[in-house]
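The following exercises concern metal coordination, ligand contacts, a pocket and backbone geometry. Please work through each task before reading its solution.

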Amino acid sequence: MKEFVEGRLKLKRKVLVVDDEEVERRMLAHMLKAKYDVLVAADGQEALDIIKKTHETLSLVLLDLIMPKMDGFEVLHEMMKNDKLKTIPVIMLTSEKSAEVKSLKMGAADFVPKPYEMPEVILARIGRTIQLYESNRIISATKTDPLTGLFQRDYFMNYVEIADNYAPDIQRDIIVLNINRFHIINEIHGRDYGDLVLSEVGMCVKNYVERNRGVACRNNGDMFYLYVPHQENPEELLWQVHVQLEDTIEDAQTRIRMGIYSNVDKSLEIEKRFDCALLACNSVKGNYKASIAYYDKAMHEKEAYEERLIMEMDKALSEGQFVVYYQPKYAIQGTKTVLSSAEALVRWKHPELGMINPERFISVFENNGMIHALDHYIWWKVAGQIAEWKKKFGVTVPVSVNVSRIDLLESNFVEDICEIVKEAEIFPTEYLLEITESAYTEDSAGILAKVNELRCMGFHIEMDDFGTGYSSLNMISSLPIDVIKLDIGFVRHIHENDRDYKMVEIVMEIAKLLGVKVVAEGVELEAQHELLKKAGVDIIQGYYYSRPVPPEEFEKFIVNK
Ligand code: C2E
Ligand code: CA
Ligand code: CA
């Protein structure tokens with residue numbers, strides 16, 4: 001860009017003089033030649049030919065109005081019809097007062113009356129027009145997204161504010177469109193194809209906002225934001241986009257999802273309003289049939305609830321509102337079923353909201369990073385509990401703690417775990433770490449190094465939710481794990497579905513190959529228990545034996561060990 005601008009500055013700008021009168025043409029050319037690179041044309045057709053050939057470098061056209069065959073209006077009209085030519089400024093040369101207004105209406109930038117005034121005045125008018133058009137071009141290049149012609153995000157947000165100030169009584173809707181799995185589309189079909197999809201969607205969006213007097217922008221690659229006067233049927237946009245994609249693109253698999261925040265509350269900050277629509281849009285992620293969601297009361301309440309949990313988390317931590325429950329795991333393949341270990345599961349005993357299950361807050365805290373503080377506290381509590389039981393009962397009950405994939409990204413993760421275990425004076429072998437399968441597929445190299453380090457120190461690693469993380473066989477064989485924890489999904493219908501049983505058999509084969517044990521969790525029924533035992537599963541956890549219970553209650557399992 002810089003080179004381009006500098007190049008232009010060093011070069012003389014190109015100006016075309018169009019006039020059928022030779023004397024006038026020469027006079028103008030002579031006037032301009034010191035400052036500009038002057039091209040000349042003697043009639044309308046010649047002018048158009050030159051303009052078409054040189055439009056990329058042509059800075060201005062000085063156009064005589066009255067010419068035989070093709071007059072100045074016709075040339076101007078032809079230029080305005082053409083997207084590339086209409087950006088070149090045209091100054092009309094005319095002796096007729098009445099033609100001035102018409103020229104401006106037709107798109108001319110300015111006019112110069114004949115006979116010509118002082119050369120300085122004409123030069124000044126030309127110079128100013130060129131400058132104006134050039135700076136305008138630079139502004140609109142940064143204002144719009146070149147691929148779709150829609151606004152850039154900042155400009156868009158500005159327009160939203162202006163629209164609200166200008167017409168505060170008009171009800172507005174926000175629509176957010178997102179292309180499902182766009183990065184995969186890009187990966188499989190290439191960037192050009194991805195760009196094509198984006199520009200097709202962008203075109204539908206543009207047509208839609210133009211029809212409905214709204215504005216739109218492209219945000220973060222494959223996300224489209226729209227701000228429109230309230231619509232009765234905003235779903236139609238989604239169908240328009242789908243029809244457009246099916247018509248123009250061979251692979252009709254591309255799916256769009258849409259979040260709508262209808263009749264926005266204008267007392268909310270603008271960014272917040274868009275967050276609401278985005279929340280709705282993300283709520284249909286991966287849900288192929290229902291690809292539209294409205295931001296509604298339930299969503300609002302969920303958000304408000306989560307907001308409250310975030311606000312109160314620190315206080316809850318310092319007041320000991322988070323408690324650890326323990327669920328036993330039993331080794332079932334020996335002659336006698338024996339307690340092998342436990343899993344520590346957090347609960348929030350909230351003074352007003354009652355007992356809150358981790359499903360309601362773990363992902364919230366993962367998203368904002370608070371999970372570190374919580375898990376750190378839980379890990380520390382559990383280490384203390386292991387030490388206490390050891391002292392009280394003279395036996396070790398190893399306990400596994402859950403490690404979030406977010407914890408693994410923390411630079412001190414390994415040191416923290418070591419420190420906790422050392423302080424409680426227990427052995428690493430008594431402390432088990434459950435790491436969800438999907439954590440390994442994210443940032444493998446960094447995570448693997450940490451897990452390996454811990455394993456070398458004697459910690460046992462259990463791969464949690466096995467079967468949900470898409471790791472390949474090849475990858476699993478190189479992972480540092482001691483135990484596979486079958487996801488509850490394998491267990492739930494095993495007694496009703498032969499296929500699930502077969503799947504478990506396959507996992508058992510893999511485990512044998514890797515030399516690791518298998519735990520099945522979520523076991524509730526005798527029938528499930530029997531089948532898992534038959535398949536060779538080593539350890540069972542689930543309501544069949546016990547729900548997660550407070551530590552005092554867990555002690556009965558140790559006593560009966
Ligand atoms: P998870 O690690 O897969 O834990 C197993 C979940 O299954 C637990 O839910 C457990 O109570 C439940 N469960 C156990 N047996 C049965 C059964 O027989 N039937 C059914 N239907 N469910 C059973 P919970 O305690 O609600 O925890 C949910 C998830 O929250 C956990 O899934 C884990 O991912 C996360 N979580 C729990 N505690 C912590 C923690 O301290 N730190 C972190 N980072 N995550 C935790
Ligand atoms: Ca777990
Ligand atoms: Ca699990």
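The exercises below refer to a predicted model, and each is followed by a worked solution.

**Exercise 1. Identify the protein donors of the calcium ion (ligand 2), and state how the donor residues are spaced in sequence.**

Solution.
Step 1. The protein donors of the calcium ion (ligand 2) are Glu343 through OE, Asn402 through OD1, Glu434 through OE and Asp464 through OD. Their distances from the ion lie in the range 2.1 to 2.3 Å.
Step 2. Along the sequence, these donor residues give the pattern E-x58-N-x31-E-x29-D.
Step 3. The site links distant parts of the chain: Asn402 belongs to strand 14 and Asp464 to strand 16, and the two are 62 residues apart.

**Exercise 2. Determine which protein donors serve the calcium ion (ligand 3), and which residue bridges this ion and the calcium ion (ligand 2).**

Solution.
Step 1. For the calcium ion (ligand 3), the protein donors are Asp464 (OD), Asp465 (OD) and Glu521 (OE), at 2.1 to 2.5 Å.
Step 2. The spacing of these donors along the chain is D-D-x55-E.
Step 3. Distant parts of the chain are again linked, with Asp464 in strand 16 (residues 460-466) and Glu521 in the loop between strand 18 (517-520) and helix 21 (526-535), 57 residues apart.
Step 4. The bridging residue is Asp464, and the two calcium ions lie 4.2 Å apart.

**Exercise 3. Classify Asn402 and Asp464 as buried, partly exposed or exposed.**

Solution.
Step 1. The cut-offs needed are under 20% relative accessible area for buried and over 50% for exposed, with partly exposed in between.
Step 2. Asn402 has a relative accessible area of 26%, so it is partly exposed.
Step 3. Asp464 has a relative accessibility of 7% and therefore counts as buried. Glu521 is buried as well.

**Exercise 4. Describe the surroundings of ligand 1 and give its polar contacts with Val346, Asp464 and Tyr543.**

Solution.
Step 1. Ligand 1 is surrounded by 23 residues, the closest being Gln327, Arg347, Asp375, Glu524 and Tyr543.
Step 2. A polar backbone atom of Val346 lies 3.2 Å from a nitrogen atom of ligand 1.
Step 3. An oxygen atom of ligand 1 is 3.0 Å from a polar side-chain atom of Asp464. Asp464 is also the residue that bridges the two calcium ions.
Step 4. For Tyr543, a backbone N or O atom lies 2.9 Å from an oxygen atom of ligand 1.

**Exercise 5. Characterise the largest pocket by its volume, its lining and the elements that contribute to the lining.**

Solution.
Step 1. The largest pocket holds about 1,200 Å³ of space.
Step 2. Its lining consists of 37 residues, and those nearest the centre are Glu343, Leu345, Pro358, Glu359 and Asn402. Two of these names, Glu343 and Asn402, also appear among the donors of the calcium ion (ligand 2).
Step 3. Two or more lining residues come from each of strand 12 (338-350), helix 13 (358-368), helix 14 (371-393), strand 14 (399-403), strand 15 (431-436) and strand 16.
Step 4. By residue class, the lining comprises 13 nonpolar, eleven polar and 13 charged residues.

**Exercise 6. Locate Val523 and Gln541, and decide whether each is buried or exposed.**

Solution.
Step 1. Val523 lies in the loop between strand 18 and helix 21. Its relative accessibility is 0%, so Val523 counts as buried.
Step 2. The C-alpha atoms of Val523 and Arg492 are 7.4 Å apart, although 31 residues separate the two along the chain.
Step 3. Gln541 is in strand 19 (residues 539-541). With 1% relative accessibility, Gln541 is likewise counted as buried.
Step 4. The side chain of Gln541 makes a polar contact of 2.9 Å with the side chain of Lys485.

**Exercise 7. Examine the peptide bond between Lys114 and Pro115, and the phi values of Lys69 and Arg181.**

Solution.
Step 1. As a reference, most residues other than glycine have a negative phi, and most peptide bonds are trans.
Step 2. The bond joining Lys114 and Pro115 is cis, with omega about -10°. Pro115 lies in the loop between strand 5 (110-113) and helix 6 (119-143).
Step 3. Lys69 has a positive phi, near 65°, and is placed in the loop between strand 3 (58-64) and helix 4 (72-81). Lys69 counts as exposed because its relative accessibility is 78%.
Step 4. Arg181 also has a positive phi, about 50°, and is located in the loop between strand 6 (172-179) and helix 8 (182-189).

Note on methods: Residues numbered from 1 in each chain as written. Chains lettered and ligands numbered in written order. Predicted model: local features only at pLDDT ≥ 70, side-chain atom pairs only at ≥ 80, totals over all residues. Heavy atoms only, no water. Donors = N, O, S within 2.8 Å, 3.2 Å for Na, K, Ca; no water. Helix = DSSP H or I, 4+ residues; strand = E, 2+ residues; numbered from the N terminus. Buried < 20%, exposed > 50% of the residue type's maximum accessible area, 1.4 Å probe, protein only. 1 Å grid on protein atoms, 1.4 Å probe; cavity = no way out; pocket = protein on both sides within 12 Å on 5 of 7 lines; lining within 4 Å. Points joined across faces, edges and corners; volume = space filled by probe spheres on them. Nonpolar A, V, L, I, M, F, W, Y, C, P; charged D, E, K, R; others polar. Near = heavy atom within 4 Å. Polar contact = N/O pair within 3.5 Å; in protein donor to acceptor, adjacent residues only side chain to side chain.
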